[in-house]
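The following note is intended for a colleague who is new to this structure. Its points concern the contacts between protein and DNA.

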Number of protein chains: 2
Amino acid sequence: MEHQNDTRSRILTTGRRLTAQQGYTGVGLSTLLKEAGIPKGSFYHYFASKEAYGCALLSEFMTEYSHRLNASLAHPDMNARSRLLTYFEGWREKQLSPHLEDRCLVVKLSAEVADLSENMSNILQKGVSDIVAHLTKTIEQGQNEGTIASIENPQTLAEMIYHMWLGASLVASISHSAAALNSAMDATKVLVPAP
Amino acid sequence: MEHQNDTRSRILTTGRRLTAQQGYTGVGLSTLLKEAGIPKGSFYHYFASKEAYGCALLSEFMTEYSHRLNASLAHPDMNARSRLLTYFEGWREKQLSPHLEDRCLVVKLSAEVADLSENMSNILQKGVSDIVAHLTKTIEQGQNEGTIASIENPQTLAEMIYHMWLGASLVASISHSAAALNSAMDATKVLVPAP
DNA sequence: AGGCTCCATTAGACCGGTCGTCTATGGATG
DNA sequence: CATCCATAGACGACCGGTCTAATGGAGCCT
């Protein structure tokens, strides 16, 4: 009862690494399983189809992400504005990291998956809503505690900043450069001004 | 000398339509050529490889896009701010259009291509720089002619807005909804305020 | 006009990979 | 020893990008 979860999560972990580099369609079952050192027969014991595996991959990623986000945005020793900026610093670092598996799957897979799998799209979409909701809440807190100026509706602001970071990550990835992410970081500081 | 270009551009046109839906890896040569009604053997007469075809596809798209952008941002009967807003209205419409082939290939392909083909990445990246440069120039004009308030550096503002639209397009595509794009439209009006 | 060359174009073979299925075997548990 | 979850990996049918060998028609020479 332990072993089976080992195998399953080994597939998922390896899958995340490969998928973060080569995309969903780009990673075939053979490649994935060979890399994970798991025989093909096992795959269909744990997953009903490649799409089901894709959904599991995304679900797990979004769950973990949400936990880390929660922790990061709930840090007790910082004010809301600092917590927000720290989160985005973390985003930048991850996106530039040599560990490809750290990169955000929303950035990597959204476009590919949108017209491919309704189920996978839904998972991504729900994850995105969650993230934006968290950001909105933090901005609200900042406005209430007075570390963020109330010049804008928190929800609108959160969406805007999140969208900007997604786009900046896209541009950073095609230009193999940190410039777009640095520019997003600067913009974020301006958009979320200290009073 | 005519026929060969016919065939070539037929491949490219069909390719754009299919790729806008299914991505680069997602469209195989057989599918593409069958759809275009062109025999498989011909492909390598017109393109050295699938990557070369991908580059041609992207180059052509970016060139056309740049032309339309130029026209749109140079419209004589509007002030700079209106031209800018009209461009983004156009973006929204295209992204929501039932004609899938109208959708922006920067949105669709950036993530997929970034770790796949250096050449294709470069074409996208150059295209993006061009677009941002155009937007920057228009914002500058607006600030000079007094239709856009000078509260921000034009270049920074242009990047920020463009990134936001890329991200919003991504979110719109996974949620199969116009909400993210509408939100981006609203945000754009706020970010580029009339004085 | 007839023959010939040349080269753009194409047919289709090629090999390796794709996803998914299925049977046969392990090995632990009761 | 019987049961059953988990593993093993062969297999099918099909699709991936690439390349070589053949076709056919336009243009030139005699």
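Which phosphate oxygen lies 3.1 Å from a polar side-chain atom of A:Thr31?

1. The phosphate oxygen in question belongs to DNA strand C. The model is predicted: local features need pLDDT of at least 70, side-chain atom pairs count only at pLDDT 80 or more, and totals for chains, interfaces and linings use all residues. Residues are numbered from 1 along each chain as its sequence is written, chains are lettered from A and ligands numbered from 1 in the order in which they are written, and side-chain values use heavy atoms, with hydrogens and water left out.

2. Two further side chains of chain A make polar contacts (pairs of N or O atoms within 3.5 Å) with phosphate oxygens of DNA strand C: A:Ser30 at 2.9 Å and A:Tyr44 at 2.8 Å. Helix H2 (29-36) and helix H3 (40-46) of chain A, with helix H3 (43-46) of chain B, are the elements that give two or more residues to the surface near this strand. Helices are DSSP runs (H or I) of at least four residues, numbered from the N terminus. H2(A) contributes the most, three residues.

3. Around DNA strand C there are 14 residues, of which A:Leu29, A:Lys40, B:Pro39, B:Ser42 and B:His45 come nearest; a residue is near if one of its heavy atoms lies within 4 Å of the strand. Among the strand's atoms within 4 Å of the protein, 59% are of sugar or phosphate and the rest of bases.

4. An unreviewed UniProt entry places a "DNA-binding region" at residues 28-47 of chain A; such annotations may be inferred rather than shown by experiment. This stretch is 75% helix and 0% strand, with its end C-alpha atoms 14 Å apart.

Conventions
A polar contact is a pair of N or O atoms within 3.5 Å; within protein, one must be able to donate a hydrogen and the other to accept it, and residues adjacent in sequence count only if both atoms are side-chain atoms.
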